[in-house]
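Here's a walk through a two-chain model, from the fold of each chain down to a few single residues. Have the viewer open as you read.

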Amino acid sequence: MKRRIHIVVASPSHVIRVGLSTIFKKMSSLGADVAEIPDMTDMSRRLRSIKPDVLVVDVSQLGALACQSLRADIAMPSLKIVAMLSQMTDAAVIKNFDASISLYDSSDVIRDKIVRLMEEEVDESRLELSMREKEIICCVVKGMTNKQIADTLCLSAHTVMTHRRNIASKLSIHSTAGLTIYAIVNKLIELDEIKDSIYVGE
Amino acid sequence: MSNFTSEIDFNPQYIKETMYSTGRYSYEDTMSSLICENPSMLLVLSRFAITLGQGDKTIDEVCVAHGVDTYTFLSVVNLLVTDTLPDDQNKVLPLSLLKYLEKSHEYFISYRLPDIRRKLSDALCDTTAVISKVIMDYFDEYVKGVKEHMGYEETVVFPYVRKICGDDTELNKYHIDIFKDHHDNIDELLSELKDIIIKYYPAGINFSMSDALFDIYSCSEDLALHAKVEDMLLVPAVKNIELSHKR
C-alpha cells in the first residue's frame, strides 16, 4: 500500500493557501493529505503536531537561511521545504529550499515536482525487512529489552536502536503490540513462543 | 515588485482578516444550519449537553438557554469546522471547556471505545484464535493507555485549571506548560491498528470488519480533534490566567 504524503501549505494569503491545497487534494494519484497554516507565528507549533513530509511555504515568509533552523527547531531533519514563489526571488535564496513552485506552474508541473521530491523516500520505504530486522522483531515481541537483544545477537545497544527505528519506519508500526500482530500474521513467530510476554501483559 | 508584496506580507491587519474570512459561524447563525451543514457537530452538541429540536433559534439563543458560554461554544465549533482560532483567546472560558472535555472523555471511555471493541471482536470471527487474540490485545492495551492519558487530565490537569480559575492565588507547583509539553497524540496508535489490519489481516473482510475499521477511523479522527481543543483552546486560555495571576 502506498503511503499517503502529508503536505502543509503555510501562507497568510488565503488565495494561495486554498488554491494550492485544492490542487494537491485533487491529485488523487499523489495521495496527499493537506493541512493549511494561515498564521505564520504559529507555524513551528503546528508543524510539530502535524508532522508533515512536505512544507510548502511562501518564500517571503521564511528567510534565506531559515530552512535549516526551522528543521532543527521542530526536530524534523528530513522535512522537505518547498518555496512558493509569488514574486521575483534571488536564486541564492531558492537554492536553500528542496524545490520551488511558481504561481504560474500548471498543476501537472506542481505534481511532478512533489513526486520527484518524494521519490527517494518512497524507494526507501519499499525495502523489504532484512533477516536481522526480522530477528529483532521476534526478540521485541518476546518482550526482551534492547540490552537483552543486543547481548543475544552480539550487537551494540546503539545498533539495536537503529534497527528498531528502521523497522518502525519501514512497517509504520510503533508499538510492541503492533509488531506482535505483524509477527504472528507473517508467521515470524508462533504464539507459544510469546505466551509468557503477552498473557502477563506489560 | 517588492512594494507590491511588502504591504500584503507584513501588514498584520491583513493577516488577521484573511484568517477569519471563511465559513466561520457566529452568534446569529441558526443552530440547525450549523448541524445540518456539519453533522459531526452533533458530537459537540451532546458534549455541551445541548438538546435537539431547537427550531430556527440562533446559536446564541440556544447556548444561553442551555447555560453554555456562546463564545466558548463558537470557538470549539470554528476550530473543528474551519481550523481557525478565536479572535480573542481571553474570552474562551476554561470552565466551560472543562465541562465539554469531561463529557468528551466519558464518551470515548464509556461509550465509543467499548462499542468499537464489541464490533472488532465480532469481526474477528473469521480468523484464527491466535490472530484474533493478538489484535484484541493490541486494542485492550491501547484502551488502557487512553484511560491513563485521560485519567491524568482528570486528576491533575482539570483540578488545577479549576483551582486557578477560582480565587485560589496560592502558589502552584503545577503549570499548564507541563501538560503542553507532555501531551501525546493518542489517536495515532488507534489509527495504526487500522492500518495494520488493512495491510496484514489475512482473512476475508466481512461486513462487521468494514464497519469496525470505519469506526476506528472516525474515532481516531475524533480523538485528534479532541486533543486539538485541549492544545489550542484550553492551554492558551489557562496560560492567560496564569499570566494575569503573576501580575
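Let's settle one term before anything else: two residues are in contact if their C-beta atoms, placed from the backbone, lie within 7 Å. This is a predicted model, in which local features need pLDDT of at least 70, side-chain atom pairs count only at pLDDT 80 or more, and totals for chains, interfaces and linings use all residues. Residues are numbered from 1 along each chain as its sequence is written, while chains are lettered from A and ligands numbered from 1 in the order in which they are written.

**The two chains**

Helices (H or I, at least four residues) and strands (E, at least two) are DSSP runs, numbered from the N terminus. A residue counts as buried if 20 or more other C-beta atoms lie within 10 Å of its own, as exposed if 12 or fewer do, and as partly exposed in between, with C-beta atoms placed from the backbone. With those terms in hand, here are the chain totals.

| Chain | Helices and strands | Buried residues | Share of contacts (separation of 6 or more) from residues 24 or more positions apart |
|---|---|---|---|
| Chain A | ten helices, five strands | 31% of 202 residues | 65% |
| Chain B | eleven helices, zero strands | 26% of 247 residues | 77% |

Reading along its sequence, you'll find chain B goes α-α-α-α-α-α-α-α-α-α-α.

**How far to trust it**

The predictor gives the complex an ipTM of 0.79 and a pTM of 0.71. For chain B, the average pLDDT (the predictor's confidence in each residue, from 0 to 100) is 87, and 89% of the residues score at least 70. The start of chain B is another matter: over residues 1-21 pLDDT stays under 50, and the model has 18 contacts beyond four places in sequence for this stretch. Where pLDDT is low, the predicted coordinates should not be read in detail.

**Domains**

Domain bounds here come from an automatic or database domain assignment. Chain A is split into domain 1 (5-126) and domain 2 (131-200), and the C-alpha centres of these two domains of chain A are 35 Å apart.

Chain B also gets two domains, with domain 1 covering 2-87 and domain 2 covering 91-246. Where they meet, 14 residues of domain 1 of chain B are in contact with 15 residues of domain 2 of chain B. On the domain 1 side of that contact, α4 (41-47) and α6 (70-82) of chain B each supply at least two residues, and α6(B) has the largest share with six residues. By class, this domain 1 side has ten nonpolar, two polar and two charged residues. For these classes, Ala, Val, Leu, Ile, Met, Phe, Trp, Tyr, Cys and Pro count as nonpolar, Asp, Glu, Lys and Arg as charged, and the others, Gly among them, as polar.

**Where the chains meet**

How many residues does each chain bring to the contact between them? Chain A brings 26 residues and chain B brings 24 residues. On the chain B side, α1 (2-10), α2 (12-19), α8 (129-165) and α10 (187-200) each give at least two residues. The largest share there, seven residues, comes from α8(B). Sorted by class, the chain B side holds twelve nonpolar, four polar and eight charged residues.

**A long look at α7(B)**

Helix α7 of chain B (residues 94-123) has 30 residues and runs 41 Å from its first C-alpha to its last, close to the 44 Å expected at 1.5 Å a residue; that expected span is 1.5 Å times one less than the number of residues. There's a bend of about 40 degrees at F108(B), taken as the angle between axes fitted to the seven residues ending there and the seven starting there. F108(B) is also one of the helix's buried residues, which include L97(B), Y100(B), L101(B), S104(B) and H105(B). Among the elements covering the buried residues of α7(B) are α4, α6, α8 and α11 (207-246) of chain B.

**Two residues to click on**

Is I164(B), in helix α8 of chain B, buried or partly exposed? I164(B) counts as partly exposed because it has 19 C-beta neighbours inside 10 Å. Leaving out residues up to four places away in sequence, I164(B) touches N172(B), I241(B), E242(B) and H245(B). From I164(B) to L93(B) is 71 residues in sequence and 12 Å in space, C-alpha to C-alpha.

In chain A, try L171(A), which lies in helix α8 (residues 157-171). L171(A) counts as buried because it has 20 C-beta neighbours inside 10 Å. The C-alpha atoms of L171(A) and E128(A) are separated by 9.4 Å, with the two residues 43 apart along the chain.
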